[in-house]
Every structure is written in structure tokens, then in C-alpha cells.
Amino acid sequence: MSWTISENSFWGPLDPAADAGYDEDRPKRKGFFTDTSICIGCKACEVACKEWNDVPADHFDMTATSYDNSHSLNANQWRHVAFIEQPKRLVTEGEGQDSGLRGTVDLGMPTVPPTGAAEQLANGADDRPDFRWLMSSDVCKHCTHAACLDVCPTGSLFRTEFGTVVVQDDICNGCGYCVPACPYGVIERRKAPDGAKNVGIAQKCTLCYDRLDAGQTPACAQACPTQSIQYGDVEELRERANKRVEQLHEAGIMDARLYGNDPNDGVGGTGAFFLLLDEPEVYGFPPDPVVTTKDLPAMYKHAVAAAGALLAGAAVAFLGRRP
Amino acid sequence: MTTGRSTGPEGAGIEGAGTEGAGTQDQVNAASDPLGADGANAVGRDGPIDVRSQTTATVGTRGGRRGSGEGGRGRRRGGGRRGGDRSMVPEAEFTSYYGRPIVKPSPWEADIPAYLFAGGLAAGSSILAAGADLTGRPAMRRSGRFVSMGALGFSMVALVHDLGTPSRFYNMLRVAKPTSPMSMGTWILSAYGAFAGAATAAEVGRMVPRRWVPRLLHRPLDLLPYADRPAGVLAAVVAPAVASYTAVLLSDTATPSWHSAYRELPFVFVGSAAAASSGMAMVTAPVAEAGPARRLAVAGAAFELVMEHRMEQTMGITAEPLHEGKAGRLMRASKALTVAGAAGTLLAGARRSRALSVLSGAALMVGSACTRFGVFEAGQASAMDPKYTVVPQRERLEREGPVRHPGSTTPPVS
């Protein structure tokens, strides 16, 4: 394996597998495009992930703020479906009436409208509620410049031939450095439940490395009933995502935007990226994350200067008269 | 495991729809009050979590800073104490997913800040020991070497203890990885430990009467004096790296209050190391020999205070956690003890007072430990509050636009 530092090794567009030293015959970079506009919040991805990867069930409570009962991405939650309730319409007023794409589709289900909504409906003000649900299945981003991998002191975290980032359970010693390094708060050291495997070891999505090796689709994407989670070659997924945003904009859903698709962004683009309908932080994403190692050369420079200052200061302190 | 949930999930949802109007006063109250306007609190896996609206929340920036410390309740979100000089700075608005953290705090416990202190103490003591050796101060040399070895031993135990799987500590030695400050630190500590260990062994060799040593070990014992000064000097050359790399260790993370401090933190830490180790030398070495330690103590303390002040000026909103709650108390204690210790040191030097030396030295050491624990706790607190992740990134977006590689050819999508 060749060990070279290319110009963009710390930051910038890059093929991460090539940068890690894989040969020309490596597979294309794999990733997820999660189109949250068609997520129905069924949590099939969460279940499939736990089943396939033997991720222990741990701590399911309602958060008391929404239908979310799995809280966050963490050591025991490699897919997390966020539920956001907003007093806002999906389709911007006056747009998208003819496109066939509507904010809501009446399934004829019996409903109990919120107080005041009945009058509103009776008055014929609008047949759509002033309210929308956003649902999004979050996952490890498999960054082009992955801070967790950069800071791992044992080499347990590594870049696979698919360009993904995976923990080797048998090497990680649970130093925990990857946990604060991740700009998305994905990876975590497993601390519970007692008796579960890999307690004390960093855990996160592997993009189903074992399934990829066998030419299979990752469990979550396989289980997703609406194709909100799409798996494939990152290059192709990016094109598909661009088309989807255009389509949604034409339909009047002007909030649609991509998150993590730009190879020039702060983490060099992510292998798993998203189509969102609101600002990233609404979904619990950082608005404009930057890989911490982008600043590492500057950090080392400051540390060297500080070390020099200490040595010089001590030398000066010893100058002068002897006892 | 939730409290204050009076309605079922459906009811809660509808209620939310009715009350969530961005920018209403209720919203502001709900966001700023640590307990939430309706008293709704959830207990998550990481302890109690403030239930806040995911829509726009307004927080007082400077107000929170000032209002901190008084009450344990408002320690994480001092913004709840409104009033004061809030109007001095524009209010920061931010959105989050129900107030939940975005980045994760490190899983590190007291071991790590204790190591930050002990590592600095060991490094400074080795430097002082080498200086004492070269300038003919035998008592300070001896105490410096023993302190450095003791502090290093403590550091090793603390570092291994903090691992999730301590039995695999040796995997740290699998790779040497420049992108990982922890890997670099492992190798710096290894090199430093070898030199400091040899110097301490030489010190022990001087003290142990030859007749106590088995005949088999006489040969190695005779070799020790050759290692004595070179090992001590080499340890002192590597030691500054031990003292300063720990700042990079903290800064090379997404933890807001650690990363944003990366320019000044190494200087704060070496100042703190100088103050602590000089303080220890003032405690352990006779007043007549400790002159250089007193000078380094005062210089280190002043350097630490100045750089810490500068650090806070450049950190923006992420300086807030340094003033709130546990971290705030630690940082205030650190400042008071460091100032008192430095003043006492000056007095001790002038009066040649051993008692005052010991007292000032101890104050400097505790002050240094408070700095390390304070910086550590501030980082942990900053990771637990999405404000410190979202607001600085939003401010940067407003100022400079999104972070994009200069080689960018593709236009930003949407």
C-alpha cells in the first residue's frame, strides 16, 4: 500500500479509496442518497439495521417531543429516523398545483383534525392543513475526509475499498477519540446494555461492509419501502439527487435542497448524503460542518511554537547567578 | 421515562402545531428557560435533556455568560437568566432538532483532565531537573526527576484506565499516525518516558549504597552515571512536546469550545505546565536552589493568564461554557489561585520564606489542575448544547458563505 499525502489529503475533493492506497481495480465508491421527501417514518431501516448487524436493542422511550423513540445516532442506533412537526405547508402557495405532486394525498383515513382546523376546512379556506411532518433517516455520512478515521490512534477505523469508513472491532481499544472528532455526532463508544458484544468499543454504521463484499444492498436500503434510502455508486447517486431536487422545485417544493453532496464542502462531500426540506439543523445536522483535521497542520504549528516558548522560558529562568 | 407529558403523542403533535410559531414570545421563553416554559423535561440516554422547540430560539449570549455560576440550574444554559447586559451583543438565533446535541461529547472522564495536569507537571519537572543538573542544584534535580517519574506513572495509569477496553492499550503502538494527535502523543510519551526513566534510574543509582545491590547488578549500576545527564537533557528536550501536544489532542475534535481554542490552547497549557511544575519544585526543593523555579512560576502563571484571556477573545460564543457551571467555577478558581500563587512566589523569593514557597507552590499546582479540568468541562458542556455547534457555523455562513474548497469548479447546488 502506497503511503502518500496528496494535496487534498486533509481537505478538498478526493477519491478517498484511491487516497488510502487502493489500486485501480477497486470498486466504485458506494454510498446512500437519502431522499427525506419520501420518507414515511416507518423505521424499517432502523429495524433492518439492528437485525442484520446484531445491534443491541437499548433504551427505547418516546422523547416526549415527537414520535422519535430512538433519540439519536449512537453506538446502538446506526440508523435514526428523526420526526419533525412544523406549522408550515409542504408546497409553497400558488405553486405546484398542476404538477400532480401535492403536499398531502388524501388516503380517506379517519382523522381527528386539530382544534380550529374543522372550521377552517368547513370555510373552504384550504383543503391542506397548515402543518407538515418532516421525517428523515439519518446515518453515518462516510465522509470523504473522515475525522473519526483521521484521529483514530490504533488504525482500527479504516477506509474500505468502497470508500466507506469502518471500525475493526478486534482492534479498537475504546480510546474514544473518534467520538468528539465526528462533526455529526455519529460514532460512539458502546456502553450498554451489559453483556452485549463490543461494549467499550466504538460503534457505527459500516454501510453493511459484509453485504457489500457479497454484492448485496445494505440492509436499510433493502428494507426501505419507499426508496427514500437509495444505495449505489456515489457518482451516480449525486446525479440522481440533482435531478430529484429540480423535480421538486418544479413541483413548488422550493425548500428542497441537498446536504453533503458537494465534494468541495467542509468534509469533502459525504458518501451518504441527503435531500432535505428545511435547514440542516432542523434535522439535527450541523449547518456547515468542517472536518477538524483541516486545521491540524495549524494546530501542530501552534503546539510547536508553544513547546519552544516553554523551553526558552525555562532556559531564561536558569540564567543569572548561581547559588 | 418522561415527565410532564400530559397528552398522548397525537395530542402532543397537534398541540405543537398550534403553539409553534417561530419568533413568538412563548417560543423565546421556552427556549431560554432551562426547564422549558411548560416544564416538560425528558430523560434521555445521556441524562436529562431540555425539551425545546426545534423552531427558532433566541438566546442571550453575553447575558448567559454573566448570569452563570450563581445557580446550578442555569449552568448549562445560562441564557435563562435574562436581563443584565444582554443588549451589548446581538442576540444569537439558532434552530435545532428539539434542543438535542448535534456533536457528541467525548466519553472521557476525570482521568483525562487529570492526565493533562500530570503530563504538564511531569514535563515541566523534567525541564527544571535538567536545568538544575546543568547549573549545580542537586536537590532540585533530584526532586524534579522523582516528580516527573511519579507524574508520568500516574499519567500512564490514568490513560489506560480511561480506555473502553484497557486490556488492549498496546494497540496504541500498532501505528504511528501523524493525523492522530493521540498516536503522536503515544510516541512522544514513549520517547519521553524512556529518557525520564533513565534519568530517574540514575538518580536512584546515586542514592542506593553499593553494598545493598546484588553483585550481579553492579555492572549495570556502574553504567548509570554515564546515562545520568544525557538522559536528563534528552527528557527535557522532549518534555515541551508532552506539555503542548495535549492542547492539540483536545482541539482536533468537533467539540466547539476545544476546537475554536486551537490557536491559544497550547500556550495556555505550557504556561499551566510551567506554573504547576515550578510550584512543585518550590514545594520540594530548598528555597536557596529554587530561584529559577520561582522565576519560571511567575512567568508561567502570567503567560497562562494572558493567553487564556486572548483565547477567550477569539473563541466567540464558544467561550461561554468557560464561564458557566462547573467549568466556570473551575476557571475562576484557576485564575484566583494562579494570581495568588504568583504573588506569593514573588514574596517568597524576596523573604526567602520556605513556608510561603510551599503555600504558593501548592496554589499554583491546584490552579493549573483547575485550568485543565475547567477547559475539559467547558468542552464537554459545549458539545452537549447544539447552540455552540449551530451558531458559530451560521455566523460563518453569514460572514463568508459556505466553506468550499478553493479549487471548486462545481457551483453549489441549491
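User: Over which residues of chain B does pLDDT stay under 50?

Analyst: In this predicted model, pLDDT stays under 50 over residues 1-87 of chain B, and for that stretch the model nevertheless has 167 contacts beyond four places in sequence. Chain B as a whole averages a pLDDT of 82, with 76% of the residues scoring at least 70. The scores for the model are ipTM 0.88 and pTM 0.84.

User: What do the two chains consist of, in helices and strands?

Analyst: Chain A comes to nine helices and ten strands, while chain B has 13 helices and five strands. Buried residues make up 54% of the 323 residues in chain A, and 58% of the 414 residues of chain B count as buried. If one takes the contacts in chain A between residues at least 6 apart in sequence, 67% join residues at least 24 apart; in chain B, residues 24 or more positions apart account for 75% of the contacts with a separation of 6 or more.

User: How should I read a sheet, and in which order do the strands of the four-stranded sheet of chain A lie?

Analyst: Strands of a sheet pair through backbone hydrogen bonds, either parallel or antiparallel. In chain A, an open sheet of four strands runs in the order β8-β1-β10-β9, with mixed pairing. Strands β8 (229-233) and β9 (257-259) of chain A stand at the edges, and because each has a single partner strand, one side of each is left without a neighbour in the sheet. From one strand to the next, the twist averages 25 degrees.

User: In which sense does β10(A) pair with β1 of chain A, and in which sense with β9(A)?

Analyst: With β1 (residues 30-35) of chain A, β10(A) pairs in the parallel sense over four bridges, whereas β9(A) and β10 (residues 272-276) pair in the antiparallel sense over three bridges. Phe274(A) in β10(A) is a useful residue to follow: it is the bridge partner of Thr34(A), and it also stands opposite Tyr259(A).

User: Which way do the side chains of β10(A) point?

Analyst: In a regular strand the side chains alternate between the two faces of the sheet. From β10(A), Ala272(A), Phe274(A) and Leu276(A) point one way and Phe273(A) and Leu275(A) the other way. The strand β10(A) is mostly covered, with five of its five residues buried.

User: How many residues does each chain bring to the contact between them?

Analyst: The contact takes 96 residues from chain B and 79 residues from chain A. On the side of chain B that touches chain A, several elements each supply at least two residues, among them α1 (9-19), β2 (41-44), α4 (111-134) and α7 (218-251). The helix α7(B) gives the most to this side, with eight residues. By character, the residues of the side of chain B that touches chain A divide into 48 nonpolar, 32 polar and 16 charged.

User: Is Pro240(B) buried or exposed, and which residues does Pro240(B) touch?

Analyst: Pro240(B) lies in helix α7 of chain B, and it counts as buried because it has 30 C-beta neighbours inside 10 Å, where the cut-off for a buried residue is 20 or more. Leaving aside residues up to four places away in sequence, Pro240(B) touches Ala307(A), Leu310(A) and Leu311(A) in chain A, and Ala123(B) and Val270(B) in chain B. Pro240(B) and Tyr192(B) are 48 residues apart in sequence, yet 9.8 Å apart in space, C-alpha to C-alpha.

Technical notes: Residues numbered from 1 in each chain as written. Chains lettered and ligands numbered in written order. Predicted model: local features only at pLDDT ≥ 70, side-chain atom pairs only at ≥ 80, totals over all residues. Buried ≥ 20, exposed ≤ 12 C-beta atoms within 10 Å, placed from the backbone. Contact = placed C-beta atoms within 7 Å. Pairing = 2+ DSSP bridges. Axes fitted to C-alpha atoms, helices over the stretch in contact; angles between N-to-C directions. Nonpolar A, V, L, I, M, F, W, Y, C, P; charged D, E, K, R; others polar. pLDDT = per-residue confidence, 0-100.
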